[in-house]
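Ready for a few warm-up exercises on a protein you haven't met before? Take a look at the picture, try each task yourself, then read through the solution.

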Amino acid sequence: MIFLVYSSKGSISSHKLSEILEIRQSTCWAYNTKIKKAMREKRKTETQKEDEGWDSILIERKLSPEIS
């Protein structure tokens, strides 16, 4: 689902996702919303040259190391 949303630049509908993936439309809507939010947040924090593709949305990176 992440690949489909990312490759369509967020323009794919939850109905179309439901049809392609054969899962409930409400499930597609919920995840589609979360994926689009992650894409927006990533766009805010990254420079243009750092675009790593759709799989980078899966990995949440910490900006500062944890101090024990």
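**Exercise 1. Find how helices H2 and H3 are placed relative to each other.**

Keep in mind that this is a predicted model. Start with the distance: the axes of H2 and helix H3, which covers residues 25-45, come within 8 Å. Next, the angle: the two axes cross at roughly 120 degrees. An angle of 65 to 115 degrees would be roughly perpendicular, and one over 145 roughly antiparallel. The crossing angle fits neither class, so H2 is oblique to H3. Last, the handedness: this crossing of H2 and H3 is right-handed.

**Exercise 2. List the residues that bring H2 and H3 together, and sort them by character.**

On the H2 side, look for Ser14, His15, Leu17 and Ser18. Their partners in H3 are Gln25, Cys28, Trp29 and Asn32. Now sort the residues of this contact: three are nonpolar, five are polar and none is charged.

**Exercise 3. Decide whether Ser14 is buried or exposed, and find its polar partner.**

First, locate Ser14: you'll find it in helix H2. Its relative accessibility is 8%. The cut-off for buried is under 20%, so Ser14 counts as buried. Then check the company Ser14 keeps: setting aside neighbours within four places in sequence, it touches Gln25, Cys28, Trp29 and Asn32. With Gln25 there is also a polar contact, side chain to side chain, at 2.6 Å.

**Exercise 4. Do the same for Ser18.**

Ser18 also sits in H2, which spans residues 14-21. Its relative accessibility is 17%, so Ser18 counts as buried. Once neighbours within four places in sequence are left out, Ser18 is in contact with Ile23, Arg24, Gln25 and Cys28. What does a polar atom of the Ser18 side chain lie 2.5 Å from? Look at Ile23: the answer is its backbone oxygen.

**Exercise 5. Step back and describe the whole protein.**

Begin with the secondary structure, which comes to three helices and zero strands. Reading along the sequence gives you the pattern α-α-α. How much of the protein is buried? Of the 68 residues, 22% are buried. To finish, take the contacts between residues at least 6 apart in sequence: 44% of those join residues at least 24 apart.

Key: Residues are numbered from 1 along each chain as its sequence is written. This is a predicted model: local features need pLDDT of at least 70, side-chain atom pairs count only at pLDDT 80 or more; totals for chains, interfaces and linings use all residues. Side-chain values use heavy atoms; hydrogens and water are left out. Helices (H or I, at least four residues) and strands (E, at least two) are DSSP runs, numbered from the N terminus. Buried means under 20% relative accessible area, exposed over 50%, partly exposed in between (1.4 Å probe, protein chains only). A polar contact is a pair of N or O atoms within 3.5 Å; within protein, one must be able to donate a hydrogen and the other to accept it, and residues adjacent in sequence count only if both atoms are side-chain atoms. Contact means heavy atoms within 4.5 Å. Axes are lines fitted to C-alpha atoms, for helices over the stretch in contact, and angles run from 0 to 180 degrees between N-to-C directions. Angles under 35 degrees count as roughly parallel, over 145 as roughly antiparallel, 65 to 115 as roughly perpendicular and the rest as oblique. A crossing is left-handed if the near helix is turned anticlockwise from the far one by less than a right angle, and right-handed if clockwise. Ala, Val, Leu, Ile, Met, Phe, Trp, Tyr, Cys and Pro count as nonpolar, Asp, Glu, Lys and Arg as charged, and the others, Gly among them, as polar.
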